[in-house]
Number of protein chains: 2
Amino acid sequence: MASASVKDVAALAQVSVGTVSNVLNRPEIVAPETVERVMSAMQKLSYVRNEAARQLRLGHSQALGLITLSGGNPFFTDLATAAEDAAADAGYSVIVGNSNNLREREAGYLGLFEELRVRGVLLSPVADPARRLRQLRDRGIASVLVDRVSTDESFSSVSVDDVAGGALAASHLIDSGRTRLAFVGGPLEIRQVSDRLEGARREVEKHPGVSIEVVPVAELTVMEGRRAGEQLVQRPPAQRPDGVFAANDLVAVGLLQGLFINGRVAIPEDIALVGYDDIMFASASVVPLTSVRQPSHLIGQTGVSILLEEAEDPDLEPRHVLYQPELVVRRSSSLTATD
Amino acid sequence: MASASVKDVAALAQVSVGTVSNVLNRPEIVAPETVERVMSAMQKLSYVRNEAARQLRLGHSQALGLITLSGGNPFFTDLATAAEDAAADAGYSVIVGNSNNLREREAGYLGLFEELRVRGVLLSPVADPARRLRQLRDRGIASVLVDRVSTDESFSSVSVDDVAGGALAASHLIDSGRTRLAFVGGPLEIRQVSDRLEGARREVEKHPGVSIEVVPVAELTVMEGRRAGEQLVQRPPAQRPDGVFAANDLVAVGLLQGLFINGRVAIPEDIALVGYDDIMFASASVVPLTSVRQPSHLIGQTGVSILLEEAEDPDLEPRHVLYQPELVVRRSSSLTATD
DNA sequence: TTGAAAGCGCTAACAT
DNA sequence: ATGTTAGCGCTTTCAA
């Protein structure tokens, strides 16, 4: 059996195709009994609406595109889930792509989304994509930056104050008496990374006698964090930092392992550790991890709602939502933490 | 500027729309100079093909659907990545949905994919979906089961022998002298879980003096594994198992933590631990984890290639590919492991 | 090698 | 309240 179309349904229900379309899209304007009849015809023919045709007619699809920086990072998984839920409420679906921090991948997905005529795109960009986004806007595709502000103010954004987050982490470490800090993270081209470092630096500068060094990693992964930890353990204890701020929780978890396995470094006694993102794994790790929490859920949700409004009305003023991060203290930085 | 269409391109290049379509789809049959002219017109108008129209005309889209059981499980992330790559090579994109082990979610995605007229679907099913898949086949949508065999042989499948995997884990534990085994996993309705247990049981039965108990968990997550570990630690040491087989690596990592934190249980000395999936995190965890490796990459790749062949020719005999799992020994079960 | 034209399934404007 | 119809952008015969 080939797919039944509105025409077939109309024939069986003895109405016109227009009426069938109406029961699909505005059932309230058609007589109840007619609705009934059409519905049962659909049932009988197991009719399934053809999205392609609908989309062709409408001029755009009922889908939103989302490009995240990293598929493996639970922060983005959470964000994506929230976006999917919010979009579903509005009758949209979400197509997700991961750029893995690669420019060409990002460009590839943007191209795909353009062919698909998505209604809008939610983007956590690798580099500043203002030029490309302006092209998309010209074809009627709205976009909102997530977890990142554009240098160009003309695109809406939903992000978290990474500089404040970095400051939060550093000041917590300093308040608990640490004076030789280290920031473990990289590459610095990732804006989130450099902002967090920047925030930490500012805090350090306010406190004479406190220093901070940068321990670079190639990627924000568990393996890289572990490598950095093992490296730290090689140093004579006096030259090790006593407070470490990791650029994200994956790196922090890796550090936890590198420091433990090779060096039996006591955490938090010898080194206090603070991560970033507060992923589900943070509270579940060997030493529960102090972390800077970002409202991943809220970011996804807000991103979608702004995107949908702008898709509706392209002349809306761009908005910039900036959430504040929050410090969650656990044992990795405090012996008295309850968790 | 609204989107340019083939018509606009044709006008500018002074050719017919048919020719434009040809340079898009079979450039070899059109004169080189014409190709040139059309291409430059496309460039000038920044033409982007409208997938919806193409799809409407073709009768199906250039996309494949993939439904996984769990978005948080790296095994499925890997599988999905492999599927995307394989699909991309054939000019298809992949739309991914996570059922999270929920029947209604699975049904929802199947419905969405049907509306989208995807070319085929790759499915790691919650329950046996033969009925529904037959409907899809009737509308020309092929399907292949991944990581699971249907009771109904009429659908192709690509899976890994979970019974063999369970046997592998148990026999390794028994060979290293463990006699009181425990299987930590659940819910047993998940076929992968019950098969792994079944395999372990068979192995235990071959060895008099060896026993196995089941410690159930509600979900295959780190948190649940940790809870099970803490529970195990409550018991007097003599009543604890000396060899534990976890239904997957997330659970195993949780166990690692539960056993460590509360009980300072030595791993592998007091309890040897084996996980399943060999996710990236297994080798990077505090005590590197022995695990049963599944060729996630291969599964995704093979799944896509079978799916595409069946989409091409619906009358093909269903095929059933069964890969064998492989044991990767690390410290969590062996003091002499190099890793 | 290229052009002309039909038609995929749908929605919305207009007519009844 | 319902019917009729044009047309979205594309691919693909068929004809020239």
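How far is a base nitrogen of DNA strand D from an N or O atom in the side chain of A:Arg57? In this predicted model, the separation between that base nitrogen of DNA strand D and the side-chain N or O atom of A:Arg57 is 3.1 Å. A:Arg57 also reaches DNA strand C, where a polar atom of its side chain lies 2.3 Å from a base oxygen.

**DNA strand C**

DNA strand C is surrounded by 24 residues, and the closest are A:Val6, A:Tyr47, A:Arg57, B:Ser16 and B:Thr34. Sugar or phosphate supplies 70% of the atoms of DNA strand C within 4 Å of the protein, and bases supply the rest. By class, the nearby protein surface is made of 11 nonpolar, 9 polar and 4 charged residues. Helices H2 (17–25) and H4 (51–58) of chain A, and helices H2 (17–25) and H4 (51–58) of chain B, each contribute at least two residues to the surface near DNA strand C. H4(A) has the largest share, with 5 residues.

**DNA strand D**

Around DNA strand D there are 25 residues, of which A:Ser16, A:Thr34, B:Val6, B:Tyr47 and B:Arg57 come nearest. Of the atoms of DNA strand D that come within 4 Å of the protein, 64% belong to sugar and phosphate. The surface near this strand consists of 11 nonpolar, 10 polar and 4 charged residues. H2 and H4 of chain A and H2 and H4 of chain B each provide at least two of its residues. Here H4(B) gives the most, with 5 residues.

**Contacts with phosphate oxygens**

The table lists polar contacts to the phosphates of the two DNA strands.

| Protein atom | DNA atom | Distance |
|---|---|---|
| A:Tyr47, polar side-chain atom | phosphate oxygen, DNA strand C | 2.3 Å |
| B:Ser16, polar backbone atom | phosphate oxygen, DNA strand C | 2.7 Å |
| B:Ser21, side-chain N or O atom | phosphate oxygen, DNA strand D | 3.2 Å |
| B:Arg54, side-chain N or O atom | phosphate oxygen, DNA strand D | 3.0 Å |

**Strand pairing in chain B**

Further along chain B, strand S9 (residues 272–277) pairs with strand S10 (residues 290–293) in the parallel sense, over 4 bridges. Within this pair, B:Tyr276 has B:Val292 in S10(B) as its bridge partner. S10(B) also pairs with strand S12 (residues 326–328) of chain B, in the antiparallel sense and over 3 bridges. There B:Val292 is bridged to B:Leu327 in S12(B). B:Val292 thus has a bridge partner in B:Tyr276 and another in B:Leu327.

Notes:
Residues numbered from 1 in each chain as written. Chains lettered and ligands numbered in written order. Predicted model: local features only at pLDDT ≥ 70, side-chain atom pairs only at ≥ 80, totals over all residues. Heavy atoms only, no water. Near = heavy atom within 4 Å. Polar contact = N/O pair within 3.5 Å; in protein donor to acceptor, adjacent residues only side chain to side chain. Nonpolar A, V, L, I, M, F, W, Y, C, P; charged D, E, K, R; others polar. Pairing = 2+ DSSP bridges.
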